[in-house]
Amino acid sequence: MIQRFKRDMSSLSSLYSFVCNALSAYGAGEADCFAVNLALEELFTNMVKYNRDTREDIPVSIDREGDRVIVLIADKADKPFDITRHATPDIRMPLAGRTRGGLGLHLVRKVVEDLKYEYVNGENRISFTKLIT
Amino acid sequence: MQIRINTSKGLSVVQVVGDLLAEPDQVKLRDKVREVIGQGGRQIIVDLSRMKYTNSCGLGALVCLLTTARRNGGDVKLSGMNAEVGKLFMMTRLNEVFHTYPNVTSAIDDCLPLPTTPA
């Protein structure tokens with residue numbers, strides 16, 4: 001299943017519906033839907049906030065392969081930007097010592113598997129998988 | 001997302017109705033709680049029982065409330081979060097930062113009277 005989303009935070013609710021419908025069609029439960037939605041939403045939000053050089057829609061695809069779903073989100077961009085290499089905060093630090101930012105990526109890494117990045121045909125592509133439980 | 005506030009005997013219960021997601025939600029919650037603190041409220045319970053979903057932005061908003069309350073000699077307790085939201089707190093170790101309770105009643109029961117501000 002693939003759907004394109006307007007590059008705007010107002011797309012978050014339709015992204016949420018798309019994820020829930022796709023995961024439900026693939027037989028995934030609510031916890032899986034929560035995890036995939038969280039990961040996609042964090043990535044989508046980053047693309048909207050930090051890539052202001054384009055107004056192109058953001059395509060998202062979700063497919064089932066065996067016991068897992070494979071998710072891909074792509075962002076049109078003039079140059080590569082690997083969000084997966086971005087530093088995440090040290091969550092062992094007391095609150096006052098924690099740095100701002102990076103929490104979203106930390107959560108993405110925690111809730112999904114096989115997080116991968118590639119720059120292909122002028123797109124920053126991020127893919128991940130989620131085992132259906 | 002809607003915010004409902006119920007204040008009684010120096011204790012404010014801030015109920016989040018809907019999902020705490022993007023920046024406008026964050027700002028709305030922050031402003032409401034600042035209002036409570038500005039009126040002298042220092043014991044704040046954020047009731048999350050009607051919040052199904054949140055993300056890093058929502059967690060950041062709750063941390064912001066906590067630091068604001070503590071700077072003003074108060075505290076923020078969280079109640080009623082669902083299992084999935086609870087997992088996010090564990091993944092970020094924020095469960096070690098906040099006092100969390102299964103429901104508002106148990107959070108209220110655990111609220112000790114704070115020392116009064118000197119005149």
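Student: Let's start in chain A. In S5(A), which residue is the bridge partner of Ile70(A)?

Tutor: This is a predicted model, so read everything here as computed from it. Strand S3 (residues 68–76) of chain A and strand S5 (residues 123–131) of chain A run antiparallel, joined by nine bridges. Within S5(A), Ile70(A) has as its bridge partner Thr129(A).

Student: What is the strand order of the sheet in chain A?

Tutor: It's an open sheet of five strands with antiparallel pairing. Strand S1 (2–5) and strand S4 (113–120) of chain A are the edge strands, each pairing on one side only. Ignoring direction, neighbouring strands of this sheet are turned by 15 degrees against each other on average. Reading across, the order is S1-S2-S3-S5-S4.

Student: And helix H1 of chain A packs on that sheet, so which strands does it touch?

Tutor: Helix H1 (residues 12–25) of chain A has a direction about 15 degrees from that of S2(A). The strands of chain A that H1 touches are S1, S2 (58–65) and S3.

Student: How many residues of H2(A) are buried?

Tutor: Helix H2 (residues 30–50) of chain A has 21 residues and reaches 30 Å from its first C-alpha to its last, close to the 30 Å expected at 1.5 Å a residue. That helix is mostly covered. Of its 21 residues, the number buried is 16.

Student: Take Asp32(A): buried or exposed?

Tutor: Asp32(A) sits in helix H2 of chain A. Leaving aside neighbours within four places in sequence, its contacts are Leu23(A), Lys130(A), Leu131(A), Ile132(A) and Thr133(A). Its relative accessible area is 2%, and buried means under 20%, so Asp32(A) is buried.

Student: Over to chain B. Which strands stand at the edges of its sheet?

Tutor: This one is an open sheet of five strands, order S1-S2-S3-S4-S5, with mixed pairing. From one strand to the next, the twist averages 25 degrees. Each edge strand has a single partner, so one side of it is left without a neighbour in the sheet. Those edge strands of chain B are S1 (2–8) and S5 (99–101).

Student: Which strands does helix H1 of chain B lie across?

Tutor: Helix H1 (residues 23–38) of chain B runs at about 15 degrees to S1(B). The strands of chain B it lies across are S1, S2 (11–17) and S3.

Student: In S4(B), which residue is the bridge partner of Val46(B)?

Tutor: Strand S3 (residues 43–47) and strand S4 (residues 75–79) of chain B run parallel, with five bridges joining them. One of the pairs puts Ile45(B) with Lys77(B). For Val46(B), the bridge partner in S4(B) is Leu78(B).

Student: Which residues of S4(B) point the other way from Asp75(B), Lys77(B) and Ser79(B)?

Tutor: S4(B) is mostly covered, with five of its five residues buried. Asp75(B), Lys77(B) and Ser79(B) point one way, and the residues pointing the other way are Val76(B) and Leu78(B).

Student: What handedness does the β-α-β crossover from S3(B) to S4(B) have?

Tutor: The chain leaves S3(B), passes through helix H2 (residues 56–71) of chain B and arrives at S4(B). That crossover is right-handed.

Student: Next pair along: which residue in S5(B) stands opposite Ser79(B)?

Tutor: S4(B) and S5(B) run parallel and are joined by three bridges. Opposite Ser79(B) in S5(B) stands Tyr101(B). The chain crosses between these strands through helix H3 (residues 83–91) of chain B, in a right-handed β-α-β crossover. So much for the route; the residue you asked about is Tyr101(B).

Student: Now Gly18(B): what is its relative accessibility?

Tutor: Gly18(B) is in the loop between S2 and H1 of chain B. Beyond neighbours within four places in sequence, it contacts Met1(B), Arg50(B), Met51(B) and Lys52(B). Its C-alpha is 9.4 Å from that of Thr54(B), which is 36 residues apart along the chain. Gly18(B) counts as partly exposed, because its relative accessibility is 24%.

Student: Last one, on confidence: which element of chain B has the highest mean pLDDT?

Tutor: The model as a whole scores ipTM 0.82 and pTM 0.86. Chain B has a mean pLDDT of 89, and 93% of its residues reach 70 or more. Among the elements of chain B, H1(B) has the lowest mean at 88, and the highest, at 96, belongs to S5(B).

Methods
Residues are numbered from 1 along each chain as its sequence is written. Chains are lettered from A and ligands numbered from 1 in the order in which they are written. This is a predicted model: local features need pLDDT of at least 70, side-chain atom pairs count only at pLDDT 80 or more; totals for chains, interfaces and linings use all residues. Side-chain values use heavy atoms; hydrogens and water are left out. Helices (H or I, at least four residues) and strands (E, at least two) are DSSP runs, numbered from the N terminus. The expected span of a helix is 1.5 Å times one less than its number of residues. Buried means under 20% relative accessible area, exposed over 50%, partly exposed in between (1.4 Å probe, protein chains only). Two strands pair if DSSP finds at least two bridges between them. Axes are lines fitted to C-alpha atoms, for helices over the stretch in contact, and angles run from 0 to 180 degrees between N-to-C directions. Contact means heavy atoms within 4.5 Å. A crossover is right-handed if, with the strands pointing away from the viewer, the path from the first strand over the helix to the second runs clockwise. pLDDT is the predictor's confidence in each residue, from 0 to 100.
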